[in-house]
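Please open the model in your viewer and keep the selection tool at hand. The stops below suggest what to select next and say what is there.

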Amino acid sequence: MTRECSLLLPAVCAALADPRQPCSDDTCLEKLLDWFRELTAADPTAELLQNNPCLAEFLGSVLALPEPSPSTLSFTLRLAGVLAASESRFQHLQQEKLLARLFGGDGPLNSALWEDASVRSGWLEGVHSMMHHQPALDFLCNGGGIDVIFTLQGDPSLFVASAASQLLVHIFTLSVESGTTEPRSTKDPDWPVCAQMIIKHIEDSLHSRSASRIEQSLKLLTSLFGSCHATWTEVLWLGVAKQIESFLTEETVQVQHMLANLFLKMARSPVFSGPESSFWALVTSALEHLTPVQAGPLAVGILRLYKCPQDVRIQALTVLLQPMDCILRAASQPLEYAGLLDESVSDPTTVESLLSSKSTCVSLLCQTLAHLEELMSLVHLPVDLPYTSLLHSLITILQFCNGFLSPASPLGSTISRFLINCFRIQRSALDVVAAFPERKGCAALIGSLLDVLLAYLESPNTSPTVLKKTFRATSRWLVRLQGQSCSNSRWQKKEKILEDVFLVLQKRLCSPCWEVRDSSLEFLTVLIQYLRDQDEFRQSLLSSEVPRLTENLFEDPESYVRASAVTAVGHLAFITYFAPESPGVGDQYNKEHIFAKLQEILSTDPEGFPRRAVISIFTEWLRQGCTGQLEDTEQFVSRVIQTVEHDLDWEVRLRGLELVEIFCTHTVCQFGLPTCPYAPVSSAVTSSIHQNKTIQIFCRAKVFGFLFRSLCDCDKPVGQRACDILLCLSGYFRPVSSLKNSQESGDSPAGHGITWLQRTLRQGSLAQNFPTDGNGVDFQDPESMVLALGTIDFVELRDELNKSSDHMEKSPQSLLQDMLATVGTVEENEADCY
């Protein structure tokens, strides 16, 4: 331990133990505890305690206080646990008789302070930190501490109860793994003492008639099987399996809702997931006996597993699809549609009864739809879903919700009344519909689905949130539709759909609700991104009023809408005048007009979102090579970065650096310079000529001034990005910079300027305003910039910029300042420190 730390500890201990100035700042105490963890991790011996008796004195002084503050006592318990994590330090504290007074029956357990949840939490955390060796296990079991943890499992504070359960898992695992042999059967007498106590507690709780005690033990087993996959977990399970299985049919104690999570944790463990394991019979029984709401999470979890018996997977799929099957049957005429399933796992009347009540109907369908979306999001789905039938049921649900379907059956009529304008179901169903286009099949239903989606887009009753999800689903299905080859009649159908979409969009872009305008613009942008190469799409878009209305929204009062309008117009430019055969639509889409308009927004908009959108669009234009010949691109980049440089929003400045990086990369590539040290170069002379041309372009575009000023930006990410770009450029120009360095004398004006620049950067001007003096640098002079790139150590600057602030925040000096600020700057504490 450093001398500075040795000087710090007495001051910290005195400040903490001072009853006149109780330290209650949680952030300060947490930082201090982290520091102690680092100290103890570096040296497991007892020297820390032997060389710093103030630590033991501090623990004793807190115990001696008549009424210590809860935060101080909690910190003391946690600190004692950190110190006792090493066996040698544990023995030292034992000799001082401190651990029994802190964690035993004579300590806080029997004081009024135990009523404070932070003290109970501190006790648990202290014990948890201590549990790393056998003497700590013996101390806990022999001193009655294990019974305290059992009690805290039912603590009214959820944080304390959860910590107690996790601690028992840790103790059980440590106890078994510290033993000489692993138990081989439920009758094995070789379970270690601590493990025996926990097993007996679990078994007693499971056989009790107390639902709370049973739930606590089920939570403990769930955590244990989820975190530990050792073979001895099977021995533990065999001892409790029969009792847990009985809960599936138990009517007096309702704990079935706990079983699905337990079985899922076990199914993910290699100990239980073997194809011949008897565990799968229990899963099958659970799928049959749990209610549809309880069985749903278990079913979707099973379907996500790759190692699962096929019959169990089919049964899980059947459970998941039952509500959707019931919807189809309820909405159809008799024998018109067979539904999704050939047979049900459980009695169909159970699902029908849930769908016959509004609260349970909505809850069950929302859960089922969420599970289906979860499965659809998987890249590789381990099971084949009946996609066509499933999409048919989703269309039915959406029609129920907007009142477009009049079912014949009594159950269907009941369900339709529950779902009319139910935005929870609408949102969930649209999420699943949006996930569908990635799946094969369903071509026959695309027309019907798009009709329903258009009805939602047109309806004035569609809420902004549901409308946003409808836009998302519609865009995905339109992209899929455009990607399909089709006959002439189908092409006409596509054209009609696009015309209808743009008619709706014209209306929505004029909505009084800003969320609707914003969602409409986002929808338009997505369509342009994916469909701009399709002739029928371009024709439908440009023949509508959508482009004009979109540009009008540059003046929208809401900044989010202005930003979305900028993005939409920026992408629209790829169709109007960046396309090889641009279908000119008038002077309003002239390139210079749009650039000037966007430049004005970048310069004058009072909100950051539109300005960020502008610089992102400019970057995208540059990335796609849409800014004209190289001379035009120079002017474009120069004008943009001169505006961005003075922007108060650091994200705008950061995105400006991205634009500069793309410009530099494109320019280097255009002149054939290598982008990596291994790329071939035709000759050194050719390379030098190209490098000179390139650096002249960068100087004319004022790139270097922007980069060096960004290097000293007060926002760290900006400085880091600028440094990375300069480091890359120094690699590009290393050959020519080395040549210049050998020819230049150290007394040249450029040399003086670069020396000043490097010294200024090294002296801590990073994260400050860029310095200027009479010895400044001409950032538009190619020779000066070549010399700068070859002289300044950008690797060193990058390391400095990347250095975390923790080296200051966690230093002993910083910690002591925090402590003194918290307890008050009393003179004796200052003297102890200095």
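Begin with the aromatic rings of this predicted model, among which 27 aromatic pairs are counted. Select F618 and F636 for one of them, an edge-to-face pair whose centres are 5.3 Å apart and whose planes stand at 75° to each other. Because F618 belongs to helix 32 (residues 608-623) and F636 to helix 33 (residues 630-644), the pair ties together parts that are 18 residues apart in sequence. Both F618 and F636 are buried, and you may need to hide the surface to see them.

Next, select F663 and F698, whose ring centres are 5.8 Å apart and whose planes meet at 65°, so this pair is edge-to-face. Here F663 comes from helix 34 (residues 650-670) and F698 from helix 35 (residues 684-700), so the pair ties together parts that are 35 residues apart in sequence. F663 and F698 are both buried. To see a group of rings, select F225, W237, F263, F272, F279 and W280 together, since these residues form one aromatic cluster.

Two arginines are worth a look while the rings are displayed. Select R532 with F574, where the charged end of the arginine sits over the ring, 4.3 Å from its centre. Then select R612 with F609, where the charged end of R612 again sits over a ring, this time at 5.1 Å from the centre.

Now turn to the nonpolar interior. The largest nonpolar core has 260 residues, and the members that touch the most others are W123, W237, I244, F263, I302, W621 and F704. Helix 18 gives the largest share of this core, with 11 residues. W237 and F263, which you selected a moment ago as part of the aromatic cluster, thus appear in this list as well. Which residues is F704 in contact with, leaving aside its neighbours within four places in sequence? Selecting around F704 should bring up I695, F698, C699, L726, L729, F779, M785 and L789, and F698 is the residue you met as the ring partner of F663.

The next selection is helix 20, residues 358-376, which has 19 residues and reaches 27 Å from its first C-alpha to its last, close to the 27 Å expected at 1.5 Å a residue. Its buried residues are C361, V362, L364, L365, C366, Q367, T368, L369, H371, L372, L375 and M376. If you colour the surroundings, you will find that these buried residues pack against helix 17 (292-303), helix 18 (310-331), helix 19 (348-355), helix 21 (387-402), helix 22 (410-419) and helix 23 (423-435). Helix 18, then, is both a packing partner of helix 20 and the element with the largest share of the nonpolar core.

Cysteines come next. The model has 1 disulfide, and it joins C141 to C194, with the two sulfur atoms 1.9 Å apart. The link is right-handed, with 110° about the S-S bond. Since C141 lies in helix 9 (residues 134-142) and C194 in helix 12 (residues 193-207), the pair ties together parts that are 53 residues apart in sequence. Both C141 and C194 are buried.

For a contrast, select C664 and C728: why is there no bond to the sulfur of C664 from its closest cysteine sulfur, in C728? The two sulfur atoms are 8.4 Å apart, which is too far for a bond. C664 counts as buried, at 3% relative accessibility, whereas C714 is exposed, with a relative accessible area of 59%.

Move on to S178, which is found in helix 11 (residues 158-178) and is partly exposed, with a relative accessible area of 36%. Apart from its neighbours within four places in sequence, S178 is in contact with Q134 and L137. If you also show P192, you can follow a separation of 14 residues in sequence that corresponds to 8.5 Å in space between the C-alpha atoms of S178 and P192.

The last stops concern the backbone. Most residues other than glycine have a negative phi. Select N421, however, and you find a positive phi near 60°, in the loop between helix 22 and helix 23; N421 is partly exposed, with a relative accessible area of 48%. Finally select K702, where phi is also positive and near 60°. K702 lies in the loop between helix 35 and helix 36 (703-711), and this residue is partly exposed, at a relative accessible area of 31%.

Terms used
Residues numbered from 1 in each chain as written. Predicted model: local features only at pLDDT ≥ 70, side-chain atom pairs only at ≥ 80, totals over all residues. Heavy atoms only, no water. Helix = DSSP H or I, 4+ residues; strand = E, 2+ residues; numbered from the N terminus. Expected span 1.5 Å × (residues − 1). Buried < 20%, exposed > 50% of the residue type's maximum accessible area, 1.4 Å probe, protein only. Contact = heavy atoms within 4.5 Å. Disulfide = S-S within 2.5 Å. Phe/Tyr/Trp six-rings, centres within 6.5 Å; stacked < 30°, edge-to-face > 60°. Lys NZ or Arg CZ within 6 Å of the ring centre and 35° of its normal. Core = buried A, V, L, I, M, F, W, Y, C linked by side-chain atoms within 4.5 Å.
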